[in-house]
Amino acid sequence: MKSTPLSLIAGTVALAAVTGFAALTAPGDAGEPEAKAAARLPVERTSLLCPAPSTSDVAETTYTSFTPAGKSGGEAGAAELEPAEALPVDEDAPADEDASSDEEKEKDADKEKATDGKPVISLKDPGKPSTADTDKSDAPALIGTATGKLAPGWAAQQTTTAAAGGARGLLGVSCSAPDTDFWFPGASTTAARQDYVHLTNPDDTAAVADIELYGAEGALKSDVAEGITVPARSSVPMLISTLTSEEAENVTVHVTTRSGRVGAVVSAAEDEVGSDWLAASADPAQTLVMPGIPADATSVRLVAFAPGEDDADVKVQLMGKNATFAPAGNDTLHIKSQMTASVDLKDVTRGEPGSIRLSPADGSGTPVVAALRVVRGTGAEQEVAFIPATAAVGDRASVADNRAKGSVLSLTAPGATAKVKVTASAGSDGGEPTVKTYTVKGGTTLEVTPEAPSGLKGSYALTVETESGGPVHAARTLTLTAGGIDMFTVQTLPDDGGTVEVPQARQDLSVLDD
């Protein structure tokens, strides 16, 4: 029975759907015509990592897990987020007499319960989000995997509300996939900032990471940022200001791994301004887009970095409600090689929503990374959020944890006019999905208040799909009021990677005889 080629093809398709890479060469096919165009199939496995949410005693965190309907991976599958494991306890170590009080024992019991490996949140079906909550100040990082029909486009959101204290703010982050290389322009080592880079290892073996810091004059000296061990299935937060003795207002953080892979994200807390997560910038590129600056932003700072050997000169453009234009006095930015550059754009949007585009000014096209620090409000009512450069929506992208009020979607078309479909999912506790189509004029930013699911109960997810025209970049702003302050957070929506290209067989083996 000629079963080997058929098994090979099946295995290749499965490998490609899981890893995004596969090659197929059937026996004896040397010199045959090129393979047919690759087909796109749903992925069969996806991983996400969420950082430890907050150390504040007054913080409350909501986790939301969601997979959009359609593009099913076939099998039923599962999607679960579990606590990162605590480090092994050395049973031969001497007992700590100071930790013998009933209060300390209770804290230890709570921590053990929080890290017992049971899923914090499990998703049942595509098209309807699942949620979970915690108010623990020692809530752990989460490690998750989705398989089968729950894998394509799986998204998870972590939203923390801290109404008081030095870490006051609405801290939102889209849980991200593990990788080996991350760029974070927009961090800081000043006394007014408490910035941590969180490294989470999803695998069963230790990972080793390096952290490089770059200020306005180049690399910041550090003797402790290399060879950082992240134990298996664990998370390590590193206070960035302790990695160097140099103080710098605008810092680019570069995280790489020597072995293994990690999830990485930066938490930023700024005295008298608030706190939020700074997600990684899109990979270095000649042209970057940072979508979703709120119309009422009172301060916008652009931070950019050129990682290569050449300086970069970029055009700075605001894609506003009706047209693209250069901010007055800031139409270009010179970025020296391996130095962090910044520019204060102030209230650049002037009452209208907008997005920033960076593109080559001199034709050289040196790749850069970038992010925005955005402030709303003034005085004691200031709040901060960050918008990293992001990839386009592509075929589809989703963001979870939208509320009945407070969600705003920004859609930006840096090139040709585009049409997108926006689906508001069923609610986590009830409600029917709604679908609307929007046209985004080229070179502009369209801000819309999504139409919530009919009969909404709980929260819902938004899914954006490009239907025609040029690329679209998107961001969701979530605003919640606490303590009389409108706290906000912004999440970008890059392509969800729900499908991968799989090469087709060069010949139809289904007609072969047994």
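Which residue of β24 does V303 stand opposite? In this predicted model, the residue of β24 opposite V303 is S342. The pairing that contains this position is antiparallel and joins β20 to strand β24, residues 340-346, over six bridges. Strand β20 also pairs with β26, which spans residues 369-376; this pairing is likewise antiparallel and comprises eight bridges. Within it, V300 has V374 of β26 as its bridge partner. Strand β20 itself covers residues 297-305, and eight of its nine residues are buried, so the strand is largely enclosed by the rest of the structure.

A further antiparallel arrangement is an open sheet of four strands, ordered β2-β7-β4-β5. Its edges are formed by β2 (45-50) and β5 (121-123), each of which pairs on one side only. From one strand to the next, the twist averages 15 degrees. Strand β4, residues 79-83, is joined to β5 by three bridges, and the two strands run antiparallel. In this pairing, L81 has I121 of β5 as its bridge partner, and E80 stands opposite S122 in β5. Strand β4 also pairs with β7, again in the antiparallel sense, over five bridges. There, A79 of the chain is placed opposite A146 in β7.

The nonpolar interior was examined next. The largest nonpolar core contains 31 residues, and those with the most contacts inside it are F184, V197, L199, I211, L213, V253 and V255. Strand β12 (residues 207-215) supplies the largest share of this core, with four residues. The surroundings of V197 illustrate the packing: leaving aside neighbours within four places in sequence, V197 is in contact with I211, V236, P237, M238, I240, V255, V265 and V266. Two of these partners, I211 and V255, are also listed among the core residues with the most contacts. A second core, separate from the one described above, has 30 residues, including L288, L302, A306 and V316.

Charged side chains were then considered. Side chains of opposite charge can pair when their charged atoms come close. Over the whole structure, the search finds 14 salt bridges. One of these joins the side chains of K149 and D125, with an N to O distance of 3.8 Å. Because K149 lies in the loop between β7 (142-147) and β8 (155-162), and D125 in the loop between β5 and β6 (130-134), the pair ties together parts of the chain that are 24 residues apart in sequence. Both partners are partly exposed: K149 has a relative accessible area of 25%, and D125 has a relative accessibility of 42%.

A salt bridge is also formed by R261 and D203, whose closest N and O atoms are 2.9 Å apart. This pair links distant parts of the chain, 58 residues apart, with R261 in the loop between β16 (251-259) and β17 (263-270) and D203 in the loop between β11 (193-200) and β12. R261 counts as partly exposed at 30% relative accessibility, and D203 falls in the partly exposed class at 22%.

In another salt bridge, the side chains of D496 and R396 meet at 2.7 Å, N to O. D496 is located in the loop between β37 (485-492) and β38 (499-502), whereas R396 belongs to strand β28 (residues 396-402), so the pair ties together parts that are 100 residues apart in sequence. The two partners differ in accessibility class: D496 is partly exposed, with a relative accessible area of 23%, whereas R396 is buried, with a relative accessible area of 2%. Elsewhere, D210, E226 and R258 are joined into one network by salt bridges that share partners.

Finally, the environment of S410 was considered. This serine is found in strand β29, which spans residues 407-413. S410 has a relative accessible area of 2% and is therefore buried, the threshold for this class being under 20%. Apart from neighbours within four places in sequence, the residues in contact with S410 are G292, T445, L446, E447, H473, A474 and A475.

How values were computed
Residues numbered from 1 in each chain as written. Predicted model: local features only at pLDDT ≥ 70, side-chain atom pairs only at ≥ 80, totals over all residues. Heavy atoms only, no water. Buried < 20%, exposed > 50% of the residue type's maximum accessible area, 1.4 Å probe, protein only. Pairing = 2+ DSSP bridges. Axes fitted to C-alpha atoms, helices over the stretch in contact; angles between N-to-C directions. Core = buried A, V, L, I, M, F, W, Y, C linked by side-chain atoms within 4.5 Å. Contact = heavy atoms within 4.5 Å. Salt bridge = Lys/Arg side-chain N within 4 Å of Asp/Glu carboxyl O.
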